[in-house]
Amino acid sequence: MAQQIPISRNGRADDPAADALRDDGTHEIAPDLAYRRLAIANVVFVGAAGDRGWVLVDAGIPGSKRFIVSAAEARFGPGARPAAIVLTHGHFDHVGALEDLAASWDAPVYAHALEHPYLDGSRSYPAPDPSVGGGLMARISPLYPTSPVDVGARLRALPADGSVPAMPGWRWIHTPGHTEGHVSFWREADRSLIAGDAFVTTAQESAYAVATQAPEVHGPPMYLTTDWAAARRSVRTLADLAPERAITGHGRPLAGPELRRGLNALAQDFDAVAVPARGRYVGTAAEPDPPA
């Protein structure tokens, strides 16, 4: 089976015409939910108010600070700072501007406790695995940074009750596999999902797919996923939510029946669709799920 689930164009959650009229550098999928694509990864803006009335989810690739700030100020007003920065996980393409942004905005940073060693300077991530195949992005993955950032002075654990600071109505869900402390964010009221890299909507291993952004449903980026059994369970957890719209860490946002069809198909056929045929970490995919 091919390692993607194609999605028709009417499964896209964004509206290019409305985005062009608004012209704030973001793609909006709900009045208080938008994202900006920064080369190979997305950052998400949650909220509708001005200074300290919104939250940044993830912090882009290295060198992206000015693009994130310009989008935030266009959307929320000049000088608008977030109430917090929250992270799905700490890979380089999600924390590239984190240290600079947290310092200049004097903002707290929230992440799952299992991600803290990669965010307080104490531990590097496991090495990427170029042997998984899939294209140029996978082949050059040994060049991607794995060393930790250090925002330890501002770092906080996500609350144990599942709430998300400064994001009322949202809760965090532990979705490990891509990383040990990976989380996704869920708003039940309108069934909105910020999935990070628990699943993505482009073939992140392929430079061509990253450039064209054809809407598809994929498992997590293969070259940086270290626990395939956990990743499988996380996708099943998210599919069971039956989201109405989803923003992922890579690719276009999806919505409606096409999103649910694709996510259910990924959950059903995860090993065939998402898991590479070979790779350093592939052995974890053979582990059985725990009893229900």
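Arg75 counts as buried in this predicted model, at 15% relative accessibility. The residue sits in helix H2, which spans residues 65–76. Its salt-bridge partner is Asp24, with the closest N and O atoms 3.4 Å apart. Asp24 comes from the loop between H1 and strand E2 (27–30), 51 residues away from Arg75, and the pair thus links distant parts of the chain. Asp24 is buried too, with a relative accessible area of 7%. Nor do these two stand by themselves: Asp19, Arg22, Asp24, Glu28 and Arg75 are linked in a network of salt bridges. Side chains of opposite charge can pair when their charged atoms come close. Over the model, the count comes to 16 salt bridges.

Another of these pairs is made by Asp14 and Arg252, whose closest N and O atoms are 4.0 Å apart. Asp14 belongs to the loop between strand E1 (5–6) and helix H1 (16–22), while Arg252 belongs to the loop between E13 and E14, so the contact ties together parts that are 238 residues apart in sequence. As for burial, Asp14 has a relative accessible area of 9% and is buried, whereas Arg252, at 21%, is partly exposed.

Strand E13 brings in a further pair. Here the side chains of Arg245 and Asp190 meet in a salt bridge, at 3.5 Å from N to O. Arg245 is in strand E13 and Asp190 in the loop between strand E10 (183–187) and strand E11 (192–196), so to speak two distant parts of the chain, 55 residues apart, linked by one pair. Arg245 counts as buried at 17% relative accessibility; Asp190 is partly exposed, with a relative accessible area of 23%.

The strands just named belong to an open sheet of five, in the order E9-E10-E11-E13-E14, with mixed pairing. Its edges are strand E9 (170–174) and strand E14 (254–255), each of which pairs on one side only. Strands of a sheet pair through backbone hydrogen bonds, either parallel or antiparallel. E13 (residues 245–248) and E14 run antiparallel and are joined by two bridges. In one of these, Ala246 has Leu254 of E14 as its bridge partner.

Turning to the surface, Glu99, Asp100, Asp120 and Asp150 gather in a patch of negative charge. Glu99 is placed in helix H3, which covers residues 98–105. With a relative accessible area of 39%, Glu99 is partly exposed.

Notes. Residues are numbered from 1 along each chain as its sequence is written. This is a predicted model: local features need pLDDT of at least 70, side-chain atom pairs count only at pLDDT 80 or more; totals for chains, interfaces and linings use all residues. Side-chain values use heavy atoms; hydrogens and water are left out. Patches are made of residues with over 30% relative accessible area and no salt bridge: like charges are joined within 9 Å, nonpolar side chains (Val, Leu, Ile, Met, Phe, Trp, Tyr) within 5 Å. Accessible areas come from the Shrake-Rupley method with a 1.4 Å probe; for residues, only the protein chains shown count as cover. Lys and Arg count as positive and Asp and Glu as negative; His and the chain ends are not counted. The place of a charge is taken as NZ of Lys, CZ of Arg, CG of Asp or CD of Glu. Helices (H or I, at least four residues) and strands (E, at least two) are DSSP runs, numbered from the N terminus. Buried means under 20% relative accessible area, exposed over 50%, partly exposed in between (1.4 Å probe, protein chains only). Two strands pair if DSSP finds at least two bridges between them.
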